[in-house]
Amino acid sequence: MEKDITKKIKPFIVYSIPVILLIAVVAIFGVYKWNQGKGIININDAKLTSAKVMVVAQNDGTLTELLVNDGDKVEAGQVIAKMKVVVTPEQIEALQKAYDEAKANYDNLEQQVKASMVVSQPAVTSTTVSTGDVAAAQARLDAAAANKQKMDKLYSIGAVSATQYAEAQSEYAAAQSALAAASTPQVVQQQSSAPTTSAPSKELSEALATAQIQLNQAKAALDQAQSDDNYADITAPVSGIIYLTDFKQGDELKQGDVFINVGNTKNLWIEAPLTEEQYAKVHQGQFVHYSIDGMDLTGTVLEVTHQDSEDEENKNLTTAAKISFPDELKDKILPGTDAIVQITIDR
């Protein structure tokens, strides 16, 4: 028989609904208050920015060729310009002095190397046996053996004393030793006719090789400075994006002039300009959502820069938020690309 439980759960339902509604109201109110405590700053004119490395004229001269255009992507070491260098008499004098010092250093090390290479007459060893010495020693042994044999007989019948017998034995033993010595090859040392030299130390050899390289470089620099065809290749210091300055092909350059900038594509960030009101609300570590080149990305505020300016109209241009950019995208999006930024702030 089935039981009707409606009457039992009806009170539970009646009392649970208000509780559920109360929880929902509290949750909605909490979310509302949380949102009230947060705010969003929208910035529509942010850009992907890179650290710029300056290309500086090392000497006075003429910019004869510009091999890149604004916005070109280049690799480190790539030739991006050529210039005809103007070399002053003072610079040639300095290069001549550098060459003379390199030459003196090389000559000094070369003399040290020669002095360390000791010349010697090596001894040549050989072994010889003297035929005359062997024959004399053999004759002595034969005589001693005959005398020993005679003394053995005489001593056995008591005809000679023990002293005479012992002397005969000793002479026989000595004669044997003399023959053995005469028969042994003798080591003889002779001077070789060809002298030999010892090698210089490893440290001295390496120092001489380094001095040779330095001398060659100093000579090449001096020759280049004294040449009428004195052109220099200008290479990109880092891989990145070209930012041309006001200098044009054919312009005269002074030493220290910055005539090209290279945006380092390994050092990128989003730069969002801020107004004075926004500057007061943005700080390091805040969460950021931004879209760039069709992608939605997130990051954090790395730094907030601010510089006072007397120009009130452009004051916001000197205030900006520096926002993190993913390392894995640094070779895929070019600096200068526009970005739309939303910075989450506390109200």
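**Exercise 1. Place a residue pair in its sheet.**

Lys82 has Asp233 in E9 as its bridge partner. Starting from this pair in the predicted model, work out the strand order of the sheet, the sense of pairing and the edge strands.

*Solution.*

Step 1. Find the strands. Asp233 belongs to E9, a strand that spans residues 231-235. E4 covers residues 79-85. Five bridges join E4 to E9, and the two run antiparallel.

Step 2. Cross to the next strand. E4 is also joined to E2, residues 61-66, again by five bridges and antiparallel. Gly61 stands opposite Val85 in E4.

Step 3. Use Gly61 once more. In E11, its bridge partner is Leu253. E2 and E11 pair in the antiparallel sense over two bridges.

Step 4. Assemble the sheet. The order is E9-E4-E2-E11, an open sheet of four strands with antiparallel pairing. E9 and E11 (252-253) are the edge strands, since each pairs on one side only. As background, strands of a sheet pair through backbone hydrogen bonds, either parallel or antiparallel.

**Exercise 2. Map the nonpolar cores.**

Which residues have the most contacts inside the largest nonpolar core, and which elements give two or more residues to it?

*Solution.*

Step 1. Take the core itself. It has 23 residues. Those with the most contacts inside it are Ile270, Tyr290, Ile292, Ile323, Phe325, Val341 and Ile343.

Step 2. List the contributing elements. Strands E1 (38-56), E12 (258-273), E13 (287-292), E14 (295-306), E15 (319-323) and E16 (338-346) each give two or more residues to this core.

Step 3. Separate the other core. Apart from the largest one lies another core, of 17 residues. Met83, Val238, Ile260 and Val262 are among them.

Step 4. Look at one residue of the largest core in detail. Leaving out residues up to four places away in sequence, Ile323 touches Trp269, Ile270, Ala272, Val288, Tyr290, Thr300, Leu302 and Val341.

**Exercise 3. Sort the salt bridges.**

How many salt bridges does a search of the whole structure find? Examine three of them, by atom distance and by exposure.

*Solution.*

Step 1. Count. The search finds seven.

Step 2. Take Lys47 and Asp338. Their closest N and O atoms are 2.5 Å apart. Lys47 lies in strand E1 and Asp338 in strand E16, so the pair ties together parts that are 291 residues apart in sequence. Lys47 counts as partly exposed, at 38% relative accessibility.

Step 3. Take Lys219 and Asp223. Here the closest N and O atoms are 2.8 Å apart. The two residues sit four apart in helix H5 (residues 202-226), so about one helical turn separates them. Lys219 has a relative accessible area of 35% and is partly exposed. Asp223 is partly exposed too, with 34%.

Step 4. Take Asp251 and Lys248. The closest N and O atoms are 3.9 Å apart, and the cut-off for a salt bridge is 4 Å. Asp251 is partly exposed at 22% relative accessibility. Lys248 is exposed, with 53%.

**Exercise 4. Account for a loop glutamine.**

Is Gln286 buried or exposed? Describe its surroundings.

*Solution.*

Step 1. Locate it. Gln286 lies in the loop between helix H6 (276-279) and E13.

Step 2. Apply the cut-off. Buried means under 20% relative accessible area. Gln286 has 6%, so it is buried.

Step 3. Check the polar atoms of its side chain. One lies 3.0 Å from the backbone oxygen of Lys281. The backbone nitrogen of His283 lies 2.9 Å from a polar atom of the same side chain.

Step 4. List its contacts. Not counting residues up to four places away in sequence, Gln286 touches Lys281, Gly299, Thr300, Val301, Ile343, Thr344, Ile345 and Asp346.

**Exercise 5. Summarize the chain.**

What is the secondary structure of the chain, and what share of its residues is buried? Add the contact and surface totals.

*Solution.*

Step 1. Count the elements. The chain has six helices and 16 strands.

Step 2. Give the buried share. Of the 347 residues, 24% are buried.

Step 3. Consider sequence range. Among contacts with a separation of 6 or more, 79% involve residues 24 or more positions apart.

Step 4. Add the surface. The chain exposes about 22600 Å², with carbon and sulfur atoms supplying 55% of it.

Conventions
Residues are numbered from 1 along each chain as its sequence is written. This is a predicted model: local features need pLDDT of at least 70, side-chain atom pairs count only at pLDDT 80 or more; totals for chains, interfaces and linings use all residues. Side-chain values use heavy atoms; hydrogens and water are left out. Two strands pair if DSSP finds at least two bridges between them. A nonpolar core is a set of buried Ala, Val, Leu, Ile, Met, Phe, Trp, Tyr and Cys residues joined through side-chain atoms within 4.5 Å. Buried means under 20% relative accessible area, exposed over 50%, partly exposed in between (1.4 Å probe, protein chains only). Contact means heavy atoms within 4.5 Å. A salt bridge is a side-chain nitrogen of Lys or Arg within 4 Å of a carboxyl oxygen of Asp or Glu. Accessible areas come from the Shrake-Rupley method with a 1.4 Å probe; for residues, only the protein chains shown count as cover. A polar contact is a pair of N or O atoms within 3.5 Å; within protein, one must be able to donate a hydrogen and the other to accept it, and residues adjacent in sequence count only if both atoms are side-chain atoms.
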